[in-house]
Number of protein chains: 2
Amino acid sequence: MAKRSFWAWGHESDEPTARQMKTAAGELANRYQVDLTPVVPPKSGSLSLRKPRIIPPSSLAAICISDDHDRAVHAYGRSFRDRIRAFNLDFPNPPDVVARPRNEQEVEAVLEWCASYGYAAIPFGGGSSTVAGFEPPEGYDGVVTIDLEGLGRVLEIDDVSRSARIQGGVYGPALEDQLRPRGFTLRHYPQSFEFSTLGGWIATRSGGHYATNQTHIDDMVESVRMITPSGPWESRRLPGSGAGPSPDRIAIGSEGILGIITEAWMRIQARPVFRASAGVTFQTFASGAEAARRIVQTKMWPANCRLLDPVEAAAAAGMDGANALLLLGFESAEVPQDELIRHAVDIAREAGGSIDDADIRIADSSGRSFVGDAGRQGSVGEWRNSFLNAPYMKNHQAGLGFVTETMETAVTWDKWPTLDQAVRTALQDALDRVCGGGTVSCRFTHVYTDGPAPYFTFEGMGRLGAELEMYAEIKQAASDAIIAAGGTITHHHAVGRLHRPWYDQQRPELFAHALKAIKRTLDPNGVLNPGLLIDV
Amino acid sequence: MAKRSFWAWGHESDEPTARQMKTAAGELANRYQVDLTPVVPPKSGSLSLRKPRIIPPSSLAAICISDDHDRAVHAYGRSFRDRIRAFNLDFPNPPDVVARPRNEQEVEAVLEWCASYGYAAIPFGGGSSTVAGFEPPEGYDGVVTIDLEGLGRVLEIDDVSRSARIQGGVYGPALEDQLRPRGFTLRHYPQSFEFSTLGGWIATRSGGHYATNQTHIDDMVESVRMITPSGPWESRRLPGSGAGPSPDRIAIGSEGILGIITEAWMRIQARPVFRASAGVTFQTFASGAEAARRIVQTKMWPANCRLLDPVEAAAAAGMDGANALLLLGFESAEVPQDELIRHAVDIAREAGGSIDDADIRIADSSGRSFVGDAGRQGSVGEWRNSFLNAPYMKNHQAGLGFVTETMETAVTWDKWPTLDQAVRTALQDALDRVCGGGTVSCRFTHVYTDGPAPYFTFEGMGRLGAELEMYAEIKQAASDAIIAAGGTITHHHAVGRLHRPWYDQQRPELFAHALKAIKRTLDPNGVLNPGLLIDV
Ligand SMILES: Cc1cc2nc3c(=O)[nH]c(=O)nc-3n(C[C@H](O)[C@H](O)[C@H](O)COP(=O)(O)OP(=O)(O)OC[C@H]3O[C@@H](n4cnc5c(N)ncnc54)[C@H](O)[C@@H]3O)c2cc1C
Ligand SMILES: Cc1cc2nc3c(=O)[nH]c(=O)nc-3n(C[C@H](O)[C@H](O)[C@H](O)COP(=O)(O)OP(=O)(O)OC[C@H]3O[C@@H](n4cnc5c(N)ncnc54)[C@H](O)[C@@H]3O)c2cc1C
């Protein structure tokens with residue numbers, strides 16, 4: 001198996017070459033009119049971590065590893081902050097042991113070991129957290145990170161109900177590979193798809209492919225099985241239920257503090273063969289937002305309804321930097337989507353959008369010959385490629401003092417213009433103050449009848465060695481603005497350690513007490529991912 | 001305000017006349033080939049309840065009532081069992097006081113009174129529970145039923161986000177009346193719409209108008225405000241969130257054990273003007289089910305996709321008793337629905353369904369002249385009228401020994417044929433044993449990509465005076481069959497006292513412990529609706 005990079009997005013083979021780093025440095029130097037000296041990326045051999053403080057019992061030795069590379073891979077997620085720290089070989093508090101259980105019995109055994117010694121037990125899926133979701137806590141004698149890659153199989157496919165029983169540790173591509181031969185797909189594509197897992201998605205309420213209707217993994221969960229320190233928690237497979245509060249909705253979003261999600265029955269679907277897409281341009285982001293609002297409020301439920309502001313449209317879809325772009329897409333395994341896309345385009349035009357009829361792309365691969373290629377061409381296709389590539393590109397920009405990150409939220413439509421204004425101002429002011437300038441952009445990743453999920457990107461040229469403080473100041477300003485304007489600190493990236501201060505402001509106080517009470521019931525020794533969501 | 005009947009569905013004016021009861025008795029006598037003597041319905045004046053055991057403090061006197069009629073209205077819901085007991089003036093354990101708070105301060109004051117004396121505090125919405133959801137518990141010195149009709153207003157409408165802040169005690173028709181002038185609707189129509197409330201719907205996860213996609217009230221909740229004995233619990237208004245487990249999903253389905261839902265922001269919508277409907281006949285229920293499955297799995301999300309078996313199709317839509325009927329309906333406020341209904345009909349025909357093209361009804365009331373009348377004509381229209389009328393018709397059949405009830409569940413498609421078989425057999429066997437015969441029928445009220453929500457109706461001629469034991473035996477047999485076959489004891493009628501034994505078999509054991517822990521946090525004295533969902 002290819003070795004994961006301990007600092008970059010992807011495998012070691014995805015780490016940038018000296019040449020790529022030079023190109024990136026050149027581009028940034030040009031953009032910011034500064035001199036930049038590209039550095040050589042760190043190598044695994046240079047790692048020198050704190051010695052493991054604990055030794056697994058012999059019964060667990062076979063599934064436990066404590067080498068430096070492995071512990072470094074499991075120390076940080078993949079946010080800007082993580083990348084910089086890892087790039088700098090800065091690992092003051094790595095896990096002591098990485099355990100890789102191969103079945104539920106071994107999951108239980110690891111939890112028992114941690115519970116009896118009071119070690120922190122940290123569930124780890126694909127490691128793609130951007131919120132320090134599995135970063136080891138301070139103040140423990142030992143930290144055991146539980147990597148679930150050993151639970152990587154689709155165990156059962158129920159064709160008629162279109163559901164599958166899937167293990168929690170399966171990565172996106174492996175999951176799809178196991179469904180494909182039967183003609184099915186989960187069709188949950190977070191941008192981190194390649195390096196994230198089903199269990200991680202459920203634990204963080206991740207947001208995927210669908211821009212409307214069933215946006216979060218939540219809606220695709222039929223039942224969950226979770227191993228808690230107090231025993232297994234497994235809900236009944238049901239297509240719908242009204243029997244008391246939903247047990248699944250407690251596991252969904254629990255961020256590893258209540259148990260380890262080992263399996264779930266997931267709703268799957270036939271692979272789409274009818275597609276229709278359109279990239280509609282707008283003179284302003286606001287008029288594009290109006291179109292997105294009207295379209296989602298029709299409840300036609302487009303699969304794609306992503307709005308890029310002029311900055312993002314230029315960067316990701318090759319546009320001119322003056323116009324916003326609304327990416328519309330419909331898809332179906334059974335029904336042609338021509339009518340729907342035309343209705344959506346009509347509404348977009350009424351709201352001020354432009355698109356040539358010829359640029360509405362309709363594809364039908366249901367028959368023998370493939371007609372059209374909706375979603376793979378033109379501005380829509382360009383956006384798609386850049387979406388998948390983006391995380392790798394960031395690898396190239398490390399070690400230059402460059403500060404960049406994304407922030408995502410959701411807010412009702414009535415508050416959206418104010419939130420947009422407030423967050424952009426907060427980000428721009430902070431960038432000006434901290435970096436002497438920079439760029440802010442925004443897109444909608446998902447839209448609901450009652451509001452959008454805006455996704456902000458900021459960047460500025462910071463000072464090498466001071467990036468983390470600079471980043472913290474900017475992130476703080478924008479997070480405060482989001483909460484003050486009525487947004488959520490996260491629509492799909494989860495809370496983690498990073499968002500705790502703002503999460504604490506938005507959730508009902510009594511809910512925190514309730515969650516603590518649940519935690520005490522399921523994890524009486526408080527070993528699972530301490531410090532996430534609540535204090536105990 | 002019209003006075004509610006203490007035993008019948010509706011107001012006192014809806015109680016059946018002697019003539020109506022005679023007609024009903026005649027019909028049933030004919031159907032079962034027995035002699036039946038119609039009785040005179042009981043009158044409010046004959047009520048003689050246990051004297052109230054407690055007296056409200058003077059500060060609450062203005063909102064508390066203890067007269068017999070009012071306490072009888074609040075003693076039982078509206079199941080078969082409730083109707084028979086009330087009809088028989090059988091009220092051994094009525095509430096002592098009915099409190100009608102007019103605002104949250106008064107809700108708090110009532111809860112404080114109950115908490116300090118250890119009285120049971122029972123939230124009451126419209127009183128339409130069919131599962132003994134608010135029936136007073138035994139073993140308390142006092143029982144205070146908290147009727148929320150005083151919280152009956154739509155407080156705020158946010159046009160742009162299509163959401164409204166609505167008080168928990170508002171009844172269905174009053175809710176729609178307040179939204180209509182602004183062109184909006186919640187469009188949540190349980191069959192009990194006239195006599196049920198928003199707070200009750202949320203507390204019970206009620207299922208409404210939509211047969212697919214957003215079936216439960218759950219999906220329409222943007223945020224909830226609940227007064228608990230430990231203080232207010234209010235979530236942030238958000239169109240979507242990934243910040244920890246959803247606080248709303250703990251309130252939704254809590255059946256009055258955690259707090260009193262006083263307000264919620266609900267997702268509303270424009271009133272539909274484009275409609276399309278079709279009633280497709282099938283030679284067997286199984287082929288109709290296959291069509292429903294394929295249609296819902298296309299994700300076209302019809303508003304209606306209800307399948308009636310031959311018995312129900314005959315009774316409710318005037319069909320011949322040999323064929324099943326699939327009622328399909330699409331609707332939209334913005335987009336014509338012709339294409340969608342045609343696709344759905346095509347799929348239904350492929351699965352063996354028949355319908356003349358001329359019977360596909362398309363309506364467009366978007367312009368000045370109203371074209372078509374989809375959903376108000378033909379088999380679809382007949383079904384609609386009988387749906388709304390059904391609860392009233394049952395009033396006429398009391399006092400004759402007649403035993404009838406409905407049971408609803410949800411199950412994945414793979415288990416559906418077995419469940420259908422098992423439940424029908426259990427019901428028919430029990431009817432044969434208990435009543436010497438009877439009828440069983442089934443329809444799908446909702447369908448999901450992964451399974452249907454079947455709704456069984458049974459009836460048999462029992463013995464006057466023994467109906468309750470007869471009913472209990474039949475209900476037990478069918479409930480056991482549902483659980484054994486992998487269904488849920490309720491898809492939308494809630495758990496209540498009635499379904500507790502089966503609910504306890506289906507929910508994760510650890511979830512019950514978690515719920516107890518939440519309950520202790522929010523309601524430390526255990527006064528709210530004791531005995532529902534968990535024991536404390
Ligand atoms: C480049 C990039 C793009 C991203 N794009 C998206 C996106 O489009 N949508 C989106 O939603 N997120 C996105 N994210 C965030 C991240 O990918 C998600 O939060 C994802 O769901 C995490 O899954 P994972 O398997 O990597 O979990 P990890 O990062 O390993 O863990 C995340 C959290 O879940 C817990 N956890 C993991 N597995 C389990 C388990 N089996 N049982 C219990 N707890 C567990 C961990 O303890 C931790 O708290 C992105 C991240 C990156 C770096
Ligand atoms: C003829 C008939 C048809 C029906 N059809 C449907 C249907 O189509 N779909 C469906 O889902 N159900 C249906 N039901 C069941 C019932 O109508 C639902 O459960 C409904 O949601 C109950 O609402 P209510 O306001 O009447 O609540 P009640 O019956 O008054 O109370 C129900 C439960 O909720 C609690 N509760 C009520 N209000 C509050 C509040 N504000 N805060 C906290 N707890 C509260 C009560 O304590 C109780 O446990 C039907 C019932 C009948 C009699």
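## A hairpin in chain B

Which residue in strand 9 of chain B is the bridge partner of B:Thr228? In this predicted model, that partner is B:Gly231. The pairing belongs to a wider arrangement: strand 8 (residues 221-228) and strand 9 (residues 231-234) of chain B run antiparallel to each other and are held in register by four bridges. Between strand 8 and strand 9 of chain B sits a hairpin connection of two residues.

## What surrounds ligand 2

Let's turn to ligand 2. There are 35 residues around this ligand, and those that come nearest are B:Pro123, B:Gly125, B:Ser128, B:Ser192 and B:Thr197. Sorted by class, the shell around ligand 2 holds 21 polar, 12 nonpolar and two charged residues.

## Polar contacts and burial

Some backbone atoms of chain B pair with oxygen atoms of ligand 2. For B:Pro123, a polar backbone atom is 2.6 Å from a ligand 2 oxygen. At B:Gln191, a backbone N or O atom lies 2.7 Å from an oxygen of ligand 2, while for B:Glu255 the corresponding distance is 3.4 Å. On its own, ligand 2 would expose 950 Å², and the protein buries 95% of that area.

Which elements of chain B give two or more residues to the shell around ligand 2? They are strand 3 (120-124), helix 6 (198-204) and strand 10 (260-267). Helix 6 of chain B contributes the most, with five residues.

Definitions and conventions: Residues numbered from 1 in each chain as written. Chains lettered and ligands numbered in written order. Predicted model: local features only at pLDDT ≥ 70, side-chain atom pairs only at ≥ 80, totals over all residues. Heavy atoms only, no water. Near = heavy atom within 4 Å. Polar contact = N/O pair within 3.5 Å; in protein donor to acceptor, adjacent residues only side chain to side chain. Areas by Shrake-Rupley, 256 points an atom, 1.4 Å probe, with all protein chains shown as cover. Nonpolar A, V, L, I, M, F, W, Y, C, P; charged D, E, K, R; others polar. Pairing = 2+ DSSP bridges.
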